[in-house]
Amino acid sequence: MFIQKLQRLQAKWAKQIQIPKESQLTYFLENPILALDIQYEDEKAYLGGSLALPNGTQIDFTAESQTGISYIPGLFCFREGSPLQAFIKKIQDSTTCSKPKLLIIDGHGQAHPEKLGVATWLGIRLNTPTIGCAKKSLWWYKGDLGEERGSTLPVFNQDEKVGEVLRTQDGINPLFVSIGNLISLEDARKVILNLSGNYRLPDLLR
């Protein structure tokens with residue numbers, strides 16, 4: 001019964017994803033951006049966040065908490081979402097900086113079998129633009145990705161494009177970028193490339 005309730009919520013929230021028709025890239029790059037990651041040890045969650053300010057300042061945060069729920073295949077967003085949401089509130093309460101206008105999550109957004117990974121979960125719950133940036137894909141993709149920085153391949157859920165394979169540096173393994181909420185895939189890709197330094201992951205996520 002509990003699992004069915006979560007599945008219904010997942011399906012409901014997946015239908016609430018909003019994708020702007022106009023680019024908002026300049027707005028995102030000129031406002032605070034918060035990158036988040038979460039790791040586990042049994043039922044304890046370890047959270048890390050980095051807040052990038054427009055003046056070039058970066059502020060790092062860490063926290064520990066219990067996981068949201070036990071691991072359930074396909075419903076991982078509910079395990080990660082609650083601790084991350086509480087962590088975001090803690091960050092906002094602890095700083096006088098402006099509220100982040102974009103969240104980047106080490107995980108998936110739309111590029112999820114149910115179109116609702118943790119980036120979308122947070123984007124819907126917080127009504128905030130979010131990007132999913134993952135190291136592995138949950139979907140097969142076709143084609144040969146170019147070796148040059150900025151090369152992409154589409155990732156499809158049946159006939160719908162839900163993400164991109166993105167090469168962030170020449171000749172290194174790609175990342176998998178998808179929409180969380182309230183951002184276009186093109187803007188998501190450009191934000192990730194803009195934040196990428198000399199490594200595979202954007203500096204803010206590293």
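# Notebook: pockets, strands and a few single residues

**Entry 1, the second pocket.** I began with the second largest pocket, whose volume is about 220 Å³. The model I am reading is a predicted one. I counted 14 residues in the lining of this pocket, and those nearest its centre are Ala52, Leu53, Gly56, Leu195 and Leu204. Two elements give two or more residues to this lining: helix H2 (25–29) and helix H5 (185–195). Sorted by class, the lining residues are eight nonpolar, five polar and one charged.

**Entry 2, helix H5.** Since H5 helps to line that pocket, I looked up how covered the helix is. Eight of the 11 residues of H5 are buried, so I noted the helix as mostly covered, with buried meaning under 20% relative accessible area. Leu195, one of the residues nearest the centre of the second largest pocket, is on the buried list of H5. The others on that list are Leu185, Asp187, Ala188, Arg189, Val191, Ile192 and Leu193.

**Entry 3, the largest pocket.** I then turned to the largest pocket, which holds about 520 Å³ of space. Its lining has 22 residues, and Phe76, Glu80, Gly107, His108 and Leu138 are nearest the centre. Strand S1 (33–41) and helix H3 (76–94) are the elements that give two or more residues to this lining. S1 gives the largest share, four residues. The classes here are 10 nonpolar, six polar and six charged residues.

**Entry 4, strand S4.** Which strand does S1 run parallel to? I found that S1 is joined to S4 by four bridges, and the two run parallel. Ala35 stands opposite Ile104 of S4. S4 (residues 102–105) is also joined to strand S5 (residues 130–134), by three bridges and again in parallel. Leu103 has Thr130 in S5 as its bridge partner. Both faces of S4 are covered: Leu102 and Ile104 are buried on one side, Leu103 and Ile105 on the other. Following the chain, I noted that S4, helix H4 (residues 118–126) and S5 form a right-handed β-α-β unit.

**Entry 5, the loop between S4 and H4.** I looked up two residues in this loop, His112 and Lys115. Are they buried or exposed? His112 has a relative accessible area of 9%, so it counts as buried. Leaving out residues up to four places away in sequence, His112 touches Gln10, Gly74, Gly117, Leu138, Trp139 and Asn157. Leu138 is also among the residues nearest the centre of the largest pocket. Lys115 is partly exposed, with a relative accessible area of 26%. I also noted the backbone of Lys115: its phi is positive, about 65 degrees, although the residue is not a glycine. Most residues other than glycine have a negative phi.

**Entry 6, Asp42.** A positive phi turned up at Asp42 too, about 60 degrees, and this residue is not a glycine either. Asp42 is in the loop between S1 and strand S2 (44–52). Its relative accessibility is 67%, so I wrote it down as exposed.

**Entry 7, the start of the chain.** Last, I checked Met1, which lies in the segment before helix H1 (2–14). Met1 is exposed, because its relative accessibility is 77%. I also looked up how far Met1 is from Ser178: their C-alpha atoms are separated by 30 Å, and the two residues are 177 residues apart along the chain.

Key:
Residues are numbered from 1 along each chain as its sequence is written. This is a predicted model: local features need pLDDT of at least 70, side-chain atom pairs count only at pLDDT 80 or more; totals for chains, interfaces and linings use all residues. Side-chain values use heavy atoms; hydrogens and water are left out. On a 1 Å grid over the protein atoms alone, a cavity is a set of points where a 1.4 Å probe fits but cannot get out, and a pocket is an open set with protein on both sides within 12 Å along at least five of seven lines; lining residues have an atom within 4 Å of a point. Grid points are joined across faces, edges and corners, and a volume is the space filled by probe spheres set on the points. Ala, Val, Leu, Ile, Met, Phe, Trp, Tyr, Cys and Pro count as nonpolar, Asp, Glu, Lys and Arg as charged, and the others, Gly among them, as polar. Buried means under 20% relative accessible area, exposed over 50%, partly exposed in between (1.4 Å probe, protein chains only). Two strands pair if DSSP finds at least two bridges between them. A crossover is right-handed if, with the strands pointing away from the viewer, the path from the first strand over the helix to the second runs clockwise. Contact means heavy atoms within 4.5 Å.
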